[in-house]
Amino acid sequence: MVMYQKQHTITSSSALCALLIGGGSSTIYCSAFAYSSSATLQRSRILPSHHPQQLSEHHLYHSSSPSTAPSSIRKFIPCRSLHSTTLNNMSSSSSSSSSSSTNTLVTVQQAIEAHNENNDSSSTKNKKNVFIDGSWHMPVGPTPRNGRSEYISGPRIPGAHYFDIDDIAPPSNPKNLPHMKPSPKMFAAAMDRMGITPDDTLYVYGTEGCGFYHRAYWTLSSCGYHIPERVKLVQGSLDEWRECGGTLEYGDLAGDDDQQRGNNDRRLFRMCELDWEDASPKYACWKEDGNDSVVDMEQVLAVVKETTQGGASSDTIIVDARSSGRFHGTAPEPRPGLRGGHMPGSINLPFPSLLDSNDPTKFRPMDEVRDIFVKAGIQPLEEGGSKNNASSRKKVICSCGSGVTAAALAVGLEECGLRKKEDIYIYDGSWIEWGGDEDTPIVTD
C-alpha cells in the first residue's frame, strides 16, 4: 500500500525560502568523442539529431539507516527556514547551484516547484519533470544499506523512478566489473521502460546520507539521450524535501520479488526481463558510441606511460577519489584481493572533501570546490605553454574504487568551471580493474 503525505501549512518563511533561490541560464555541452590510438584523447562536437570538517569515506559507507518508525505516526516538521542557522545552510545550497558553471545543480525548493508543475493543468503534457532516486551505497559492513530496497520501502518522491546503476549496466564483461556504463541501446531501452522521453527534464536525488548518487546523475547526463541541461542534480535530502513542504510517498511498492510479478509496479523492473537487445526503443540515443565519456585500462596505461617515462608529460591528469590511506596503500581496500597504492603520476582528491560536511547530498559552494581542485593539482587552463606545465594539462581522468565516486569528481570539476564536460572522463574499471591486475604499475609513495 502506498501512502502520500504532504505539509499543507504555508508560512511567510516559506516564501523567504523561495527568495533565497538563484537562477540562471544553462550552458550546454553536446559532444561525441572519438579516441585516437595514442594516449591523446580527441573529440568532435555534434548536435543531437532528434532533440534539442571533512567527511570520511567510512562515515559515508556506514551512515545510519532511515527511521523505521511506522509511516502512520511520522509527523512533518515545519520548514527549518524559521531557524537562522538553516537560513545559512539554505543560502550555501543556493550558492552552490547559482555559482555552478552549468546551473544543473538545483535546490530542494526548486525541485519541489518542478514537481508541482507536473500537476499544473497548463503545463505541456508531452514534457514532464521526472524524478529519479539515484541512491547507491557501498556494499560493505555488517548491515550495508541498499538503495533499491530503500526505494521500494520508501519514502520516495511521488512518481519517482529508481535508476539502478548495478542493473542498468552491461550484464557481463570479461573481468566482471560492476556498474559499468550501459550501451546506448541498453540505456534507451531503460528509458523506454520508465516512460521517459528526450523532452523530459530529469531531477536526480539521493536519500538521507547518500553521498554516492552522482554516478546515476552522471550516467543519465552522459549517455546522449537528453541534452545535458535537461538532467538536474538535486542538492539536498528527502528530509529537507519534507521539511520544506514537499510531498512524500510511503509504503512498499508491490512486486519486486519474483513471486509477485503479477502485481508489479511498473517502476520496478530488471533489464534481463526486457529483452532489450532485440527491442526497438521509441527513442534512441543520439550518440552512437556509448564510450565517449569513459576510458579503459589501455588508455590509462598510455597516459601513465607518457607521464612517467623520459620526463615527458601527458596533456591528461589522473585524479583518484579514494581516501588518502587507500591511495598511499596504508589502508586496506574494502574489496578483497586488490593491491593497495595508486597509478604512477596520479593525484589524490578524496571525494568527500567536495561535499557538504553536514549533508553529503550537497556539494560545498562551488568556489570552495574549485579551490579544492586547484590545491590538489588541477590548475585553471592557460593558453599555450608546454605539456609539462600543469596549467596546460587540459584533460582529466577521474578514477576511484569502482567508478562510482569518480562521478562526484567529474560533476564537481565541471560545475566549478575548471573544465568542460568534453574534457572530463571516468575510468570505468577504476581500482577494481587496476588494483586487481597483477601487471599494472602501482606506487605507494
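In this predicted model, Thr-307 is partly exposed, since its relative accessible area of 22% is not under the 20% that would count as buried and not over the 50% that would count as exposed. The residue belongs to helix 9, which spans residues 297-308, and its side chain reaches the backbone oxygen of Val-303 at 2.8 Å. Although Thr-307 and Pro-344 are 37 residues apart in sequence, their C-alpha atoms are 8.1 Å apart in space.

The protein chain as a whole contains 13 helices and 16 strands. Of its 445 residues, 54% count as buried, and the chain exposes about 19,200 Å², of which carbon and sulfur atoms supply 49%.

Two sheets can be described in turn. One is an open sheet of five strands, arranged in the order 4-8-7-5-6 with parallel pairing. Its edges are occupied by strand 4 (105-107) and strand 6 (161-162), and because each of these has a single partner strand, one side of each is left without a neighbour in the sheet. Within this arrangement, strand 5 (residues 129-133) and strand 7 (residues 201-205) run parallel and are joined by five bridges, and Asn-129 has Thr-201 of strand 7 as its bridge partner.

The other is likewise an open sheet built from five strands with parallel pairing, here in the order 10-16-15-11-12. Strand 10 (294-295) and strand 12 (347-348) are the edge strands, each of them pairing on one side only. Strand 11 (residues 316-320) runs parallel to strand 15 (residues 395-399), to which five bridges join it, and Ile-317 finds its bridge partner in Val-396 of strand 15.

The largest cavity encloses about 130 Å³ of space. Two or more residues of its lining come from each of helix 7 (214-222), helix 12 (406-415) and strand 16 (424-427), the last of which also takes its place in the sheet ordered 10-16-15-11-12. The residues that line the cavity are Tyr-217, Trp-218, Ser-221, Ser-222, Ser-293, Ala-410, Val-411, Glu-414, Glu-415, Lys-421, Ile-424 and Tyr-425. When this lining is divided by class, six residues are nonpolar, three are polar and three are charged; the charged residues are Glu-414, Glu-415 and Lys-421, whereas the polar ones are Ser-221, Ser-222 and Ser-293.

How values were computed: Residues are numbered from 1 along each chain as its sequence is written. This is a predicted model: local features need pLDDT of at least 70, side-chain atom pairs count only at pLDDT 80 or more; totals for chains, interfaces and linings use all residues. Side-chain values use heavy atoms; hydrogens and water are left out. On a 1 Å grid over the protein atoms alone, a cavity is a set of points where a 1.4 Å probe fits but cannot get out, and a pocket is an open set with protein on both sides within 12 Å along at least five of seven lines; lining residues have an atom within 4 Å of a point. Grid points are joined across faces, edges and corners, and a volume is the space filled by probe spheres set on the points. Helices (H or I, at least four residues) and strands (E, at least two) are DSSP runs, numbered from the N terminus. Buried means under 20% relative accessible area, exposed over 50%, partly exposed in between (1.4 Å probe, protein chains only). Accessible areas come from the Shrake-Rupley method with a 1.4 Å probe; for residues, only the protein chains shown count as cover. A polar contact is a pair of N or O atoms within 3.5 Å; within protein, one must be able to donate a hydrogen and the other to accept it, and residues adjacent in sequence count only if both atoms are side-chain atoms. Two strands pair if DSSP finds at least two bridges between them.
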